[in-house]
Amino acid sequence: MTKFSELSISAPIMKALEQMGFEEATPIQTETIPLAKEGYDVIGQAQTGTGKTTAFGIPMIERIDAKLRKVQGLVVAPTRELAIQVAEEINRIARFMGVRALAVYGGQQMDRQIRALKDGPQIVVATPGRLLDHLRRRTIRVDHVKVAVLDEADEMLNMGFIDDIRDILKAIPEERQTLLFSATMPKEIRNIATTLMKEPKEVKIKAKEMTVTNIEQFFIEIPEKFKFDTLNNHLDIHSPDLAIVFARTKKRVDEVTEGLQARGYRSEGIHGDLTQGKRMSVLNKFKQGRVDVLVATDVAARGLDISGVTHVYNFDIPQDPESYVHRIGRTGRAGRTGEAISFVTPREMAHLHLIEKTTKSKMKRMTPPTNQDARRGQQQVTIEKLEKAISKKDLSSYKESAQQLLEDHDSVTVIAAAISLLTKERRDTPVRISSVAPISVKKAMNSKGGGQRSKNKRFYGGGRNNRKGNFQKRRKRD
Ligand SMILES: Nc1ncnc2c1ncn2[C@@H]1O[C@H](COP(=O)(O)OP(=O)(O)OP(=O)(O)O)[C@@H](O)[C@H]1O
Ligand SMILES: [Mg+2]
């Protein structure tokens, strides 16, 4: 492990890192910071949750002239929530430098954004569609930009965004430094990337698997119609602190959310059809722990860093292996542990194996928990609560009442009553989730063999399984 102090980072940034509690640099930071500081273009690939934001944030901030109130650093990210998060992280690192980052994204009032831009932030973190709007209106000038970053670079260079990215990069002076980061970088996308860069240095943090080893991966083979009750049972047994459930379509996100609410969970959904205000409030409630189960489309799959997510469920398995890597990477971040559970219909088993092969990781088979397992699991949660109270709490003021109860009833009955009162009541409100066609491996493999265009069609093309439909629409509005 390398200390940040060995990477010749300037004093104000060191002070900020100290305040953030960062002592040692992660491998991607150790390898990319010196290269980027020397001015090289860099393609950085490292697993989810390993600090890529700081890896590009530090060298970018180092190159900014704080006295010049013009945009000198530009980060482009695929979703609004990620743009906000990256701007926040950069602002934390830059707080003693007199350098400010502003997030600019769709769904926010244009005049408010223009006013904020007039304030002279030196770094802009933007979603592509809205950034292009500003470039066309000349409300963002990029002629002083020295460093451009594509976060989630493989996503940004995919068909849904590539034209916008080309237009954005064309507007920036050619002497710029270009930095690309992602946890995944399919070969054909990397080839496109190099055409936009100047002799880039590639840094790939070697790992046997594409996924982080501290995420335990499971799959449950389950017919479509049993998925919801299985999810319900699993949540009851494991009572995750925070869980994210990924579903394939916006409609399914709404249905699963409503179903969970009907069964008594604090659950909310997030997808591209919601207003920006709603998206923000849902995410904030989840971060604050006022919502326990976030149900999402792939809009929440990439980059989001929410501490305390212990479980990721793939209610529907994703179409492409990269998406799997990013989705499960919402847990097990910064060295923490997490669990990922994927629901797979029998006809999708071949697709599951394809994901395993591409990500070089193995998922353990898990038998679907029964209602009885769930009931037992819930009681176990209560027992753990009781045991904690026994060991940690001062119970002396309750003992007299306990004695009295035991004079009238036997101890087992008294404890059973206490457990029943403390255990979350299971509701069996009927829930119906409309079905979707299974993902077929044949379709995925066919398109894989068909070169870039058809591969992109797999990611973005129409059809029932178009998981990126919301991305494309959102891009137009951003
Ligand atoms: N050197 C460090 N020491 C301790 N924590 C760190 C360090 N660098 C980053 N972190 C923290 O680790 C978490 C994950 O970082 P980050 O979001 O940058 O990961 P990432 O590699 O971009 O992941 P993803 O591929 O999902 O986007 C964040 O909470 C961040 O603040
Ligand atoms: Mg990231």
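Ala-334 lies in the loop between helix H13 (321-328) and strand E15 (338-344); helices here are DSSP runs of H or I with at least four residues, strands are E runs of at least two, and both are numbered from the N terminus. Its phi is near 50 degrees, a positive value in a residue other than glycine. Most residues other than glycine have a negative phi. Ala-334 counts as exposed because it has 12 C-beta neighbours inside 10 Å. The burial scale calls a residue buried with 20 or more other C-beta atoms within 10 Å of its own, exposed with 12 or fewer, and partly exposed in between, with C-beta atoms placed from the backbone.

Before going further, a word on what you're looking at. This is a predicted model, where local features need pLDDT of at least 70 and side-chain atom pairs count only at pLDDT 80 or more, while totals for chains, interfaces and linings use all residues. Residues are numbered from 1 along each chain as its sequence is written, and chains are lettered from A and ligands numbered from 1 in the order in which they are written.

**The overall picture**

Across the protein there are 20 helices and 16 strands. The C-alpha trace spans about 85 × 55 × 45 Å along its principal axes. A compact globule of 478 residues would have a radius of gyration near 23 Å, so the 24 Å of this protein agrees with that; the radius is taken over C-alpha atoms, and the rule is 2.2 Å times the number of residues to the power 0.38. Buried residues account for 45% of the 478. Of the contacts between residues at least 6 apart in sequence, 79% join residues at least 24 apart, a contact being two C-beta atoms, placed from the backbone, within 7 Å.

**What UniProt says**

UniProt, in an unreviewed entry, puts "domain: DEAD-box RNA helicase Q" on residues 2-30. It also places "short sequence motif: Q motif" (unreviewed entry) at residues 2-30. In the model, that span is 48% helix and 14% strand, with its end C-alpha atoms 7 Å apart. For residues 33-203 UniProt lists "domain: Helicase ATP-binding" (unreviewed entry); here the chain is 42% helix and 18% strand, and the end C-alpha atoms are 11 Å apart. These positions use the numbering given here, the feature names are shortened, and the annotations may be inferred rather than shown by experiment.

**Two domains and where they touch**

The domain assignment gives domain 1 (2-207 + 453-477) and domain 2 (209-434), with bounds that come from an automatic or database assignment. Their C-alpha centres lie 32 Å apart. The contact takes 29 residues from domain 1 and 28 residues from domain 2. On the domain 1 side, H4, helix H7 (153-156), helix H19 (451-460) and helix H20 (469-477) each supply at least two residues. That side divides into eight nonpolar, ten polar and eleven charged residues, where Ala, Val, Leu, Ile, Met, Phe, Trp, Tyr, Cys and Pro count as nonpolar, Asp, Glu, Lys and Arg as charged, and the others, Gly among them, as polar.

**Helix H4 and the loop after it**

H4 covers residues 80-93, and its end C-alpha atoms are 20 Å apart, which agrees with the 20 Å its 14 residues should span at 1.5 Å a residue; the expected span is 1.5 Å times one less than the number of residues. Eleven of the 14 residues are buried, among them Arg-80, Glu-81, Leu-82 and Ile-93.

Met-97 sits in the loop between H4 and strand E5 (101-104). Leaving aside neighbours within four places in sequence, Met-97 is in contact with Pro-12, Ile-13, Ile-61 and Ala-66. By contrast, Met-97 and Met-366 are 269 residues apart in sequence and 51 Å apart in space, C-alpha to C-alpha.

**Loop residues side by side**

| Residue | Loop | C-beta neighbours inside 10 Å |
|---|---|---|
| Arg-138 | H6 (128-137) to E7 (147-151) | 7, exposed |
| Pro-173 | H8 (162-171) to E8 (177-182) | 11, exposed |
| Met-97 | H4 to E5 (101-104) | 18, partly exposed |

Arg-138 also has a positive phi, near 60 degrees, in a residue other than glycine. As for Pro-173, not counting residues up to four places away in sequence, it touches Asp-143 and Val-145. Pro-173 and Asp-143 are 30 residues apart in sequence, yet 6.0 Å apart in space, C-alpha to C-alpha.
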